[in-house]
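Please load the model in your viewer and keep a selection box handy. We will go from stop to stop, and each stop says what to select and what is there.

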Amino acid sequence: MSHKYGQSSQWAHINETNLALAETPDLSRFKSSRVNYKLALWNPEVNGRRYLKTLIHNLGLQLSPENWERLLRIRNRQLGEPIAVTLKGEPICLDYLQAVLELDFMARSVKLDGARILEIGAGYGRSCHAILSNHDVAEYHIIDLENCLRLSREYLRAVLDGEQFEKIRFLGIDEVEDLTGGEPFDLCVNIDSFAEMPADTVRNYLSLIDGVATRFYTKNPVGKYLDPDLDGHYEGQAVVQQALESGLLREIIDVHDSEAVRAQSERFVEVYQPGDDWRLVADGWGTPWSYYWQALYTKS
């Protein structure tokens, strides 16, 4: 006969596996082991998607009403089947949550309606999509490597209407110098790519920004990390070394130490200032990643 307060078959299995403990349990690392993965946490090694969806859900619930409206104005966000959750009946993914938060930061200091914008390294084009969906910009220029240009061109053609798409100019790296000497850009944007370029390339782009733009927004890591527990260095040591050697901020820090990140943020705002005639308007943590910072500069 089963016990009045007996365990379920599920917990019988758990007690025979994850909680099969010695008479005196070893407490040294049990909170990051299979023991605690059945008591308090889901195993992060096999529950990455669960944790990502939790992050998206929690971040989405914190959007201000203004940023929620910004998000809703971005149509066709589901193209490409992103990992998403549903909030207030809307599918929400992390890419566009970040895009509206970045847009919110920029819009506080820059008049985007009627602006000429230059983005360096647009990825598949989410920032361009978010900005053009919320503001009637005059022009939007994208500089990128050829493979990324091919992707962003097709993606933006699919998600924007014809009038919006016609405002975009796609430039390869061999065409960058064509921008000098023309009408200045009201804003230059770089999100999450300066940290992946050779240091000299970043300096060249900062010099370009100094010459062709009046405001500059960037969001990038404040430094590097060397913690195999985060991703297992699954792409191999050669790829890890390539990442450590790129960008201007190559100091290795504990990226989940808030004080270490804040201290390194001082270097961030210093190295990304495009020139002597520029001043910092605003800076702060680059939500949601612990070691990302964002800053906006204006030219005097």
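Start by selecting Lys88, which lies in the loop between β1 and β2 (90-93). Helices (H or I, at least four residues) and strands (E, at least two) are DSSP runs, numbered from the N terminus. The phi of Lys88 is near 55 degrees, a positive value in a residue other than glycine. With a relative accessible area of 69%, Lys88 is exposed; here buried means under 20% relative accessible area, exposed over 50%, and partly exposed in between (1.4 Å probe, protein chains only).

Before the next stop, a word on what is on screen: this is a predicted model, in which local features need pLDDT of at least 70 and side-chain atom pairs count only at pLDDT 80 or more, while totals for chains, interfaces and linings use all residues. Residues are numbered from 1 along each chain as its sequence is written, and side-chain values use heavy atoms, with hydrogens and water left out.

**A second positive phi**

Now select Glu81, in the loop between α4 (65-72) and β1 (84-87). Glu81 is not a glycine, yet it has a positive phi of about 50 degrees. Its relative accessibility is 74%, so Glu81 counts as exposed.

**The whole chain**

Zoom out for a moment. The protein chain holds 12 helices and 9 strands, and its C-alpha atoms fill a box of roughly 85 × 40 × 35 Å, taken along the principal axes. Of the 300 residues in the protein chain, 45% are buried. Contact means heavy atoms within 4.5 Å; among contacts between residues at least 6 apart in sequence, 68% join residues at least 24 apart.

**Helix α5**

Select residues 94-107, which are helix α5. This helix has 14 residues and reaches 20 Å from its first C-alpha to its last, close to the 20 Å expected at 1.5 Å a residue; the expected span is 1.5 Å times one less than the number of residues. Is α5 enclosed, and how many of its residues are buried? The count is 11 of the 14, so α5 is largely enclosed by the rest of the structure. Among the buried residues are Leu97, Val100, Leu103, Asp104 and Phe105.

**A salt-bridge network**

Keep Asp104 and add Arg70: their side chains meet in a salt bridge (3.0 Å, N to O). The pair links distant parts of the chain, with Arg70 in helix α4 and Asp104 in helix α5, 34 residues apart. The rule for a salt bridge is a side-chain nitrogen of Lys or Arg within 4 Å of a carboxyl oxygen of Asp or Glu. Both partners count as buried, Arg70 at 6% relative accessibility and Asp104 at 13%.

Next add Glu66, whose side chain meets that of Arg70 in a salt bridge (3.5 Å, N to O). Arg70 and Glu66 both lie in helix α4, 4 residues apart, about one turn of the helix. An α-helix has 3.6 residues a turn, so residues three or four places apart point the same way. Glu66 is partly exposed, with a relative accessible area of 48%. Add Arg108 to complete the picture: Glu66, Arg70, Asp104 and Arg108 are linked in a network of salt bridges.

**A bridge between loops**

Select Asp136 and Lys167, which form a salt bridge with the closest N and O atoms 2.4 Å apart. Asp136 lies in the loop between α6 (126-134) and β4 (139-143) and Lys167 in the loop between α8 (162-165) and β5 (168-171), so the pair ties together parts that are 31 residues apart in sequence. Lys167 counts as buried, at 16% relative accessibility.

**Strand β6**

Select residues 187-191, strand β6: 5 of the 5 residues are buried, so β6 is largely enclosed by the rest of the structure. Leu187, Val189 and Ile191 are on one side, Cys188 and Asn190 on the other. Two strands pair if DSSP finds at least two bridges between them. Strand β3 (residues 116-120) pairs with β6 in the parallel sense over 3 bridges, and Glu119 has Val189 as its bridge partner. β6 also pairs with strand β7 (residues 215-221), in the parallel sense over 4 bridges; there, Ile191 stands opposite Lys219.

**Last stop: a cis bond**

Finally, select Thr287 and Pro288: the peptide bond from one to the other is cis, with omega near 5 degrees. Pro288 is found in the loop between β8 (278-285) and β9 (292-299).
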